[in-house]
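Welcome, and thanks for taking a look at this one with me. Below are some numbered notes to help you find your way around.

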Amino acid sequence: MIRTTVLAALLAFGMAGVGAAADAPTDPQIAHIAYTAGQIDVVAAEQAIKKSTNADIIAFATLMAADHKAVNDQALALVTKLGVTPEDNPTSQALSQAAADKLAELDKLDGAAFDKAYIANEVAYHATVNGALSSVLIPSAQNAEFKELLKTGLTLFTEHQHHAEMVAAKFQ
Amino acid sequence: MTALIKLALTGVLVAGTALAAMPAFAADYTIVIDKMKFGPVPAELHAGDTVIWQNNDIFRHSATARDKSFDVDLPAGTEVRMVVGAVGSLDFFCKFHPGMTGTLVIAP
Ligand SMILES: [Cu+2]
């Protein structure tokens, strides 16, 4: 349900973009969405590092926190250099709301139940974000340098998705 | 064949053998990591040469041999020197992002 809402919000841009290019997200909006998406995964990772005792989960979460923080720092430096101010938008809001709900839901779980739910969500979350990056955000980005950073982000997050799938397989 | 020519030929052969036996000068080669990819690996790599792993990314990577013969940690923006020892074909990957792969071919 939550995931559907986020997907719908993300795809709304894409759908509108087909008919009217003016409705595609702008660079300030894309920057906000990408930054929000990264920050969400950092917060999720911090929760996992705090709650989990499983070595695979902690290693994965530590990597997520480091990689996403690195991309976001770079994104922030780039938008500052370009004079772009990230702009809040319905997609960012839907992402944040869904993430807050997920965080609360996972907070109630412990031990293996938490690990399994966390890693399953990481697989789904990276798949959603990667879908949005490749179908809407990257094609819509105007600034070449910014587009390049988003592409590197997609390569990185695709790695994360595969990594998450490998860890998730151990919890089946 | 005159004795002189024979002598000259022998000289060339001896010189050639001596050259082949001499160890090649150890060389340095840089492998650049950028945008989540290992760049081109040196075409000709010999035991004793040095590979410089240069991580230009903002992410921590590693250069890790499949056979575990090396495992180089590469924090963001660092470079690490590694002398290649073993002869053969060594597949490597990044243990943090295993989709990043490459192969070192090391001649004697
Ligand atoms: Cu890596």
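**Notes for a first look**

1. A good place to begin is Tyr118(A). Setting aside residues up to four places away in sequence, Tyr118(A) has contacts with Ala44(A), Ala45(A), Ala48(A), Ile57(A), Phe60(A), Ala61(A), Met64(A) and Leu106(A). Please keep in mind throughout that this is a predicted model.

2. Where does Tyr118(A) stand in the largest nonpolar core? Tyr118(A) is among the residues with the most contacts inside that core, together with Ile119(A), Leu133(A), Phe38(B), Trp53(B), Phe70(B) and Leu104(B). The core has 66 residues. As general background, nonpolar side chains in soluble globular proteins tend to be buried together.

3. Now step back to chain A as a whole. Chain A has six helices and zero strands, and its pattern along the sequence reads α-α-α-α-α-α. Of its 172 residues, 46% are buried. Among the chain A contacts with a separation of 6 or more, 81% are between residues 24 or more positions apart. The accessible surface of chain A is about 8,100 Å², with 62% of it belonging to carbon and sulfur atoms.

4. Helix H5 of chain A, residues 111-140, deserves a closer look. With 30 residues at 1.5 Å each, helix H5 should span 44 Å, and this agrees with the 41 Å between its end C-alpha atoms. Where does H5(A) bend? The bend is at Leu133(A) and comes to about 50°. You have already met Leu133(A) as one of the residues with the most contacts inside the largest nonpolar core.

5. Is Gln47(A) buried or exposed? Gln47(A) counts as buried because its relative accessibility is 9%, and buried means under 20%. Gln47(A) sits in helix H2 of chain A, residues 27-51. Beyond its neighbours within four places in sequence, Gln47(A) is in contact with Leu103(A), Leu106(A), Asp107(A) and Phe114(A). Leu106(A) also appears among the contacts of Tyr118(A).

6. Chain B reads quite unlike the helical pattern above when you follow its elements: there are one helix and nine strands, running α-β-β-β-β-β-β-β-β-β from the N terminus. Buried residues make up 31% of its 108 residues. Residues 24 or more positions apart supply 45% of the chain B contacts with a separation of 6 or more. The accessible surface of chain B is about 6,300 Å², and carbon and sulfur atoms account for 65% of that.

7. Which residues are the protein donors of the copper ion? They are His61(B) through ND1, Cys94(B) through SG and His97(B) through ND1, at 1.9 to 2.2 Å from the ion. Their spacing in sequence is H-x32-C-x2-H. His61(B) belongs to strand E5 (residues 61-65) of chain B, while Cys94(B) is in the loop between strand E8 (88-93) and strand E9 (101-107), so the pair ties together parts that are 33 residues apart in sequence. Both His61(B) and Cys94(B) are buried.

8. Phe59(B) is a useful residue to click on, in the loop between strand E4 (50-55) and E5 of chain B. With 1% relative accessibility, Phe59(B) counts as buried. Leaving out residues up to four places away in sequence, Phe59(B) touches residues of chain A, including Asp67(A), Ala70(A), Val71(A), Thr152(A) and Leu156(A). In chain B, Phe59(B) touches Met36(B), Leu74(B), Pro75(B), Ala76(B) and the copper donor His97(B).

9. Lys35(B) and Met36(B) make an interesting pair. The loop between strand E1 (28-34) and strand E2 (37-38) of chain B holds Lys35(B), and Met36(B) lies in the loop between E1 and E2 as well. Phi of Lys35(B) is positive, near 50°, in a residue other than glycine. Met36(B), also not a glycine, has a positive phi of about 65°. Lys35(B) is partly exposed at a relative accessible area of 35%, whereas Met36(B) counts as buried at 4% relative accessibility.

10. Finally, look at Thr152(A), found in helix H6 (residues 144-169) of chain A. At 10% relative accessibility, Thr152(A) counts as buried. Not counting residues up to four places away in sequence, Thr152(A) touches Lys35(B), Met36(B) and Phe59(B).

Terms used. Residues are numbered from 1 along each chain as its sequence is written. Chains are lettered from A and ligands numbered from 1 in the order in which they are written. This is a predicted model: local features need pLDDT of at least 70, side-chain atom pairs count only at pLDDT 80 or more; totals for chains, interfaces and linings use all residues. Side-chain values use heavy atoms; hydrogens and water are left out. Helices (H or I, at least four residues) and strands (E, at least two) are DSSP runs, numbered from the N terminus. The expected span of a helix is 1.5 Å times one less than its number of residues. The bend at a residue is the angle between axes fitted to the seven residues ending there and the seven starting there. Donors are N, O and S atoms within 2.8 Å of the metal (3.2 Å for Na, K and Ca); water is not among the atoms, so sites may look incomplete. Buried means under 20% relative accessible area, exposed over 50%, partly exposed in between (1.4 Å probe, protein chains only). Contact means heavy atoms within 4.5 Å. Accessible areas come from the Shrake-Rupley method with a 1.4 Å probe; for residues, only the protein chains shown count as cover. A nonpolar core is a set of buried Ala, Val, Leu, Ile, Met, Phe, Trp, Tyr and Cys residues joined through side-chain atoms within 4.5 Å.
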